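Colleague: Hi! I'm new to this one, so please put it up on the screen and bear with my questions.

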Amino acid sequence: MNGLTILNELSEQIAVRIRSCHEEYHPGGWSESKVHADYDLWYLLSGEVKIHTNETDHTAKAGDAVFFYPHMPYVASTGSEGCRFIFIHFDFVMGEQLNILNEYRLTGVVPGRLIAEEGLLFRLAFESFKLRKDLSAMRLKGGLLTLLAQILHCYGDQSYSGSFERAPAAGSVSRLSALQPVFSYIHQNVHRTVRIHEIAEAAGMSEKYFIAFFKQALGITPGQYMYHLKMNKARDLIYKREYSVKQIADQLGYPDAFSFSKAFKKFYKVSPSKFI
């Protein structure tokens, strides 16, 4: 299970809130020094922009995207020619975790060749938003999510890794990496009831510390994560049309069909028998 799987498993917990989105032109010789409180993404339409951050210099060209984490200081400037770009400030929240994207090395200049199709969709969505067309705010959010998903995909297949941050120190482990044994243990035992003390042991932590660590990392509790995972599995099994409600309950560790149906209806607002 790679570190990106969790975003797919908990997609229902993800919320994207766009705070502002505009197109800007800056002439040659322009410079700014800023720190933003939220995620910030630029999509270059023309020209070049130079970014100085963490004592390193980077250049973005037309078609590239520039991705900043919250509270990341930078200096941006243009050379003799100006640049035009779309910028969008947004929150990306999973449960109560406000900075889940910080778990991945995404901040940097994303080459246009990796996001050509997604960048075009985002640009078209922005043009619609700029003209205040019907449902254009929804289109813009969809375009942003599509672009972010492609950046994450490129990070996952190692064709992209953000360069604005220094590489992690030797031996350092991110919170999601520290939880990988927990995710593996839960997946391997989805057929039964798993107790919190079991997965705390898998993480090498005390139960109390583990619960706090898990919620800080994912924005939800371990119990909520296991519930989501079981409901995802239940949905997939129902779609196969090969198992009865009783058989699915058995495969997911529920004592009987009634207990499973109750949990399923609480999650999906409809009983398993009426889901399809």
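Colleague: Let me start with a small detail. Which residue in β6 stands opposite S33?
Modeller: That would be V75. Before we go on, this is a predicted model: local features need pLDDT of at least 70, side-chain atom pairs count only at pLDDT 80 or more, and totals for chains, interfaces and linings use all residues. Residues are numbered from 1 along each chain as its sequence is written, and side-chain values use heavy atoms, with hydrogens and water left out.

Colleague: Thanks. How many bridges join β2 to β6?
Modeller: Four, between strand β2 (residues 31–34) and β6, and the two run antiparallel. Strands (E, at least two residues) and helices (H or I, at least four) are DSSP runs, numbered from the N terminus. Two strands pair if DSSP finds at least two bridges between them.

Colleague: What about β3 and β6?
Modeller: Strand β3 (residues 39–53) is joined to β6 by three bridges, again antiparallel. There, H52 stands opposite V75.

Colleague: And where do the side chains of β6 point?
Modeller: They alternate along residues 74–77. Y74 and A76 face one way and are buried, whereas V75 and S77 face the other way and are not. Buried means under 20% relative accessible area, exposed over 50%, and partly exposed in between (1.4 Å probe, protein chains only). In a regular strand, side chains alternate between the two faces of the sheet.

Colleague: Back to β3, then. How many bridges does β3 share with β4?
Modeller: Six, and β3 and β4 (residues 56–61) run antiparallel. One matched pair is I51 with H58 in β4. The hairpin of β3 and β4 has two residues between the strands, and N54 takes a positive phi near 50° there.

Colleague: Let's zoom out. How many helices and strands are there?
Modeller: The chain comes to 10 helices and eight strands. Of its 276 residues, 45% are buried. The C-alpha atoms fill a box of roughly 70 × 50 × 30 Å, taken along the principal axes.

Colleague: What domains does the chain have?
Modeller: The assignment gives domain 1 (4–157) and domain 2 (178–274); such bounds come from an automatic or database domain assignment. Their C-alpha centres lie 34 Å apart. The contact between them takes 10 residues from domain 1 and 14 residues from domain 2, where contact means heavy atoms within 4.5 Å.

Colleague: Which residues touch the most other members of the largest nonpolar core?
Modeller: W42, F90, L218 and Y225, in a core of 85 residues. Both domains give residues to this core, so it lies between them. A nonpolar core is a set of buried Ala, Val, Leu, Ile, Met, Phe, Trp, Tyr and Cys residues joined through side-chain atoms within 4.5 Å.

Colleague: What does W42 touch?
Modeller: Not counting residues up to four places away in sequence, W42 touches a list that includes Y74 and A76. Also among them are I51, V66, F68 and F85.

Colleague: New topic: how many aromatic pairs does the structure hold?
Modeller: It holds 25. Rings of Phe, Tyr and Trp (its six-membered ring) pair if their centres lie within 6.5 Å; planes under 30 degrees apart count as stacked, over 60 as edge-to-face and the rest as tilted. F183 and Y225 form a tilted pair, 5.4 Å centre to centre with 55° between the planes. F183 lies in helix α5 and Y225 in helix α8, so the pair ties together parts that are 42 residues apart in sequence.

Colleague: Are those two buried or exposed?
Modeller: F183 is buried at 1% relative accessibility, and Y225 is buried with a relative accessible area of 1%.

Colleague: What sits over the ring of F129?
Modeller: The charged end of R132, 4.6 Å from the ring centre. A charge sits over a ring if NZ of Lys or CZ of Arg is within 6 Å of the ring centre and within 35 degrees of the ring normal.

Colleague: Last one: where is S128 found?
Modeller: S128 is in helix α2 (residues 116–130) and is buried at 10% relative accessible area. Leaving aside neighbours within four places in sequence, S128 is in contact with K133, S136 and R139. A125 is found in α2 as well, and with the neighbours left aside in that way, A125 is in contact with R139 and L140.
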